[in-house]
Amino acid sequence: MKKVVIYTDGACKGNPGPGGWGAWLTFGEHEKKLCGGEPETTNNRMELMGAIEGLAALKEKCDVILYTDSSYVQKGITEWLQGWKKRDWKTASKQPVKNQDLWRLLDEQCQRHDVVWKWVKGHAGIEGNEIADQLANDGIEKMQLSK
């Protein structure tokens with residue numbers, strides 16, 4: 001199985017506000033840079049979109065190490081998701097799960113691959129995280145230019 005490394009990030013100018021997501025995929029010496037944006041969104045939604053789009057770009061089942069600087073995404077997928085599903089998409093305090101639409105999409109993508117989730121400190125000079133951050137900001141710019 002192919003071993004792929006993905007760095008993802010989300011950005012928002014205001015929260016909510018214009019937002020962007022980025023994903024940098026590497027496989028051996030190959031790389032793919034992805035980004036996109038939405039006019040009115042939140043930082044958490046863009047963090048989720050980076051991971052969703054990064055995984056969705058893979059055409060076949062892969063061994064993936066996915067790095068995110070979002071503890072919301074990392075903890076959500078590794079610690080909270082199973083409980084949400086058992087409780088019919090409710091939190092422990094019986095509230096509807098926020099961003100459920102995107103959590104469902106991320107869960108679907110994770111079923112297609114073997115994913116190991118890693119949290120990294122944002123804005124700490126980690127190359128992959130810096131590239132993903134730039135892509136997320138590019139996503140905002142591209143979206144605003146296409147209006």
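Start by selecting residues 62–68, which form strand β4, and add β5: in this predicted model the two strands pair in the parallel sense, with six bridges between them. For a specific contact point, pick I65 and look across to V116 in β5, its bridge partner.

Now widen the selection to the whole sheet. You'll have five strands on screen, in the order β3-β2-β1-β4-β5, making an open sheet with mixed pairing. Colour β3 (30–41) and β5 (114–119) next: these are the edge strands, and each has a single partner, so one side of each has no neighbour in the sheet. Turn the view to follow the twist, which averages 20° from one strand to the next.

Time for the helices. Select 43–56 to get α1, which lies across β1 (2–12), β2 (17–27), β3, β4 and β5. Against β1, α1 runs at about 155°. Then select 127–145 for α4, a helix lying across β1, β2 and β3. Its angle to β2 is about 135°.

Last stop: the cysteines. How many disulfides does the count come to? Zero, taking a pair of sulfur atoms within 2.5 Å as the test. Show C12 and C35 to see why: the sulfur of C35 is the closest cysteine sulfur to that of C12, yet the two are 15 Å apart, too far for a bond. Then go back to β4 and click C62, which is in no disulfide either; the nearest cysteine sulfur belongs to C110, 13 Å away. While you're there, switch on a surface: C62 is buried, with a relative accessible area of 2%.

Definitions and conventions:
Residues numbered from 1 in each chain as written. Predicted model: local features only at pLDDT ≥ 70, side-chain atom pairs only at ≥ 80, totals over all residues. Heavy atoms only, no water. Pairing = 2+ DSSP bridges. Helix = DSSP H or I, 4+ residues; strand = E, 2+ residues; numbered from the N terminus. Axes fitted to C-alpha atoms, helices over the stretch in contact; angles between N-to-C directions. Contact = heavy atoms within 4.5 Å. Buried < 20%, exposed > 50% of the residue type's maximum accessible area, 1.4 Å probe, protein only.
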